[in-house]
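Visitor: Hi! I have a structure open and would like to talk it through with you.
Guide: Happy to help, let's bring it up.

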Amino acid sequence: MEGQDEVSAREQHFHSQVRESTICFLLFAILYVVSYFIITRYKRKSDEQEDEDAIVNRISLFLSTFTLAVSAGAVLLLPFSIISNEILLSFPQNYYIQWLNGSLIHGLWNLASLFSNLCLFVLMPFAFFFLESEGFAGLKKGIRARILETLVMLVLLALLILGIVWVALALIDNDAASMESLYDLWEFYLPYLYSCISLMGCLLLLLCTPVGLSRMFTVMGQLLVKPTILEDLDEQIYIITLEEEALQRRLSGLSSSVEYNMMALEQELENVKMLKAKLERRKKASAWERNLVYPAVMVLLLIETSISVLLVACNILCLLVDETAMPKGTRGPGIGNASLSTFGFVGAALEIILIFYLMVSSVVGFYSLRFFGNFTPKKDDTTMTKIIGNCVSILVLSSALPVMSRTLGITRFDLLGDFGRFNWLGNFYIVLSYNLLFAIVTTLCLVRKFTSAVREELFKALGLHKLHLSNTSRDSEATKPSANGHQKAL
């Protein structure tokens with residue numbers, strides 16, 4: 001009987017492993033297909049060449065798609081774990097969700113950590129160097145020569161990073177045991193390096209997310225139709241039409257030798273056409289879309305932002321009075337044993353919404369920063385080098401998202417796998433400073449956003465606008481029609 005029980009236990013374990021592997025493969029396949037369509041939408045079509053360059057571009061495309069799929073998996077990791085925990089609590093004995101268990105969740109976290117390390121330290125550097133390589137001088141040109149050069153560059157990069165980490169560790173913790181532990185590549189060196197990258201990602205999120213939270217109002221305002229208050233759209237369209245006709249007459253009257261003026265006029269004409277299309281869209285929009293959808297979305301964004309700041313403020317108080325509020329604190333109950341939200345399923349749904357909102361805001365804030373403005377992809381006009389840079393940036397942000405969400409107290413779900421092994425998560429001063437900086441910077445960005453119009457009017461009233469003391473934000477509506485129906489440029 002004992003032998004039969006042992007055999008049945010082994011069979012059950014084997015079947016569970018096969019089932020979990022199949023589920024992970026199907027989930028990743030879906031993410032890979034979606035990522036492939038996203039990248040091909042932005043990839044420059046002129047890069048599709050023949051022969052050797054075509055093969056190199058195709059390999060780089062597949063590696064970038066794999067990285068973007070891993071990034072999407074890292075974003076969905078925490079929401080999937082939270083909703084799985086609530087489902088297992090609500091339906092503990094349901095036959096159809098027996099595949100959803102703690103082993104699967106832990107496996108997904110470990111795979112996300114493994115693939116993030118693989119993409120960040122191997123695949124993306126290989127794709128970049130392979131794309132830029134030409135082969136060593138004196139060797140026969142071809143794919144083999146480019147692969148050889150790429151591998152040599154990867155080895156040199158690995159040695160450089162090893163030296164930097166070794167020096168940094170010597171400056172921070174000059175201990176013989178710590179230095180010897182760096183020789184353990186798999187158990188210490190890579191997790192330590194990934195911990196440093198995660199800290200950099202969290203610092204980048206600390207910079208991007210507050211900017212994105214204030215920028216989201218402008219982005220949604222551009223996507224939605226605003227209410228027409230004290231505006232005459234027919235008059236605005238009439239004025240824009242006259243300006244368009246005037247620009248077309250000027251273009252037809254210019255000779256082809258005046259190339260600079262023609263390019264400037266063509267750009268101006270294109271801007272006028274875009275503005276005219278926006279005005280016509282506003283005119284065709286229904287009253288419900290103009291007067292209900294836009295205010296509702298703005299109020300929803302304001303509520304989500306306020307809840308995020310309040311949760312961070314509450315987490316700061318918890319950090320001061322309770323040690324278990326630390327991200328690397330005591331482990332809570334396992335998957336499906338207890339709800340980690342005070343309000344149960346509703347609270348878990350709110351946490352998931354806030355996590356996605358923070359991720360979208362961080363991406364919007366990342367591309368809104370001047371330093372990363374050139375990274376913004378364009379439809380059918382993005383080079384493979386820029387695609388690789390975007391994939392690396394998204395991977396760093398998405399890998400740091402679960403850590404940031406737990407550090408800020410957006411969720412109480414414990415970090416699993418290597419995500420919970422980061423050394424800096426146990427430092428009280430780093431975690432508290434991170435929460436304080438996030439709350440302060442987010443509040444300042446929102447205050448600056450909602451008081452920009454008042455500050456501009458005050459500068460104009462005091463006559464200080466000529467001194468350019470006020471930096472007009474990039475989301476200003478200087479080129480849009482004013483309330484009296486006339487363009488400010490006119």
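Visitor: What pattern does the protein follow, read along the sequence?
Guide: Read along the sequence, the pattern is α-α-α-α-α-α-α-α-α-α-α-α-α. Please keep in mind that this is a predicted model.

Visitor: And how many helices and strands are there in the protein?
Guide: The protein has 13 helices and zero strands.

Visitor: What share of the residues is buried?
Guide: Of the 490 residues in the protein, 40% are buried.

Visitor: Let's look at single helices. How far does helix 3 reach from its first C-alpha to its last?
Guide: Helix 3 covers residues 102-132, which makes 31 residues, and reaches 43 Å. That is close to the 45 Å expected at 1.5 Å a residue.

Visitor: Where is the kink in helix 3 centred?
Guide: The kink is centred on cysteine 119, and the angle is about 45°.

Visitor: What about helix 12, how far apart are its end C-alpha atoms?
Guide: They are 33 Å apart. Helix 12 runs over residues 428-450 and has 23 residues, so at 1.5 Å a residue it should span 33 Å, and the two values agree.

Visitor: Which residues of helix 12 are buried?
Guide: The buried ones are Val431, Leu432, Tyr434, Asn435, Phe438, Ala439, Thr442, Cys445 and Leu446.

Visitor: Changing topic to empty space. How many cavities of 30 Å³ or more does the structure hold?
Guide: It holds one cavity of 30 Å³ or more. About 50 Å³ of space lies in the largest cavity.

Visitor: Which residues line the largest cavity?
Guide: The lining is made of Ile82, Asn85, Glu86, Ser339, Leu340, Ser341, Ala348, Glu351, Thr411 and Phe413. Two elements give two or more residues each to this lining: helix 2 (51-90) and helix 10 (344-368).

Visitor: Which helix gives the most to that lining?
Guide: Helix 2 does, with three residues.

Visitor: How do the lining residues divide into nonpolar, polar and charged?
Guide: Four are nonpolar, four are polar and two are charged.

Visitor: While we're on helix 2, is alanine 72 buried or exposed?
Guide: In between: alanine 72, which lies in helix 2, has a relative accessible area of 25% and so counts as partly exposed. Its C-alpha is 8.8 Å from that of isoleucine 394, although the two are 322 residues apart in sequence.

Visitor: I'd like to check some glutamates too. Is glutamate 149 buried or exposed?
Guide: Glutamate 149 is buried, because its relative accessible area of 17% is under the 20% cut-off. It lies in helix 4 (residues 143-172). The C-alpha atoms of glutamate 149 and phenylalanine 130 are separated by 7.9 Å, with their positions 19 residues apart along the chain.

Visitor: And where is glutamate 245?
Guide: Glutamate 245 is in helix 7 (residues 233-253). With 38% relative accessibility, glutamate 245 is partly exposed. Leucine 269 is 24 residues away along the chain, and the C-alpha atoms of glutamate 245 and leucine 269 are 9.3 Å apart.

Visitor: Last topic, the cysteines. How many disulfides does the count come to?
Guide: The count comes to zero disulfides.

Visitor: Are cysteine 24 and cysteine 208 buried or exposed?
Guide: Cysteine 24 counts as buried at 14% relative accessibility. Cysteine 208 counts as buried too, at 0%.

Notes
Residues are numbered from 1 along each chain as its sequence is written. This is a predicted model: local features need pLDDT of at least 70, side-chain atom pairs count only at pLDDT 80 or more; totals for chains, interfaces and linings use all residues. Side-chain values use heavy atoms; hydrogens and water are left out. On a 1 Å grid over the protein atoms alone, a cavity is a set of points where a 1.4 Å probe fits but cannot get out, and a pocket is an open set with protein on both sides within 12 Å along at least five of seven lines; lining residues have an atom within 4 Å of a point. Grid points are joined across faces, edges and corners, and a volume is the space filled by probe spheres set on the points. Helices (H or I, at least four residues) and strands (E, at least two) are DSSP runs, numbered from the N terminus. Ala, Val, Leu, Ile, Met, Phe, Trp, Tyr, Cys and Pro count as nonpolar, Asp, Glu, Lys and Arg as charged, and the others, Gly among them, as polar. The expected span of a helix is 1.5 Å times one less than its number of residues. The bend at a residue is the angle between axes fitted to the seven residues ending there and the seven starting there. Buried means under 20% relative accessible area, exposed over 50%, partly exposed in between (1.4 Å probe, protein chains only). A disulfide is a pair of cysteine sulfur atoms within 2.5 Å.
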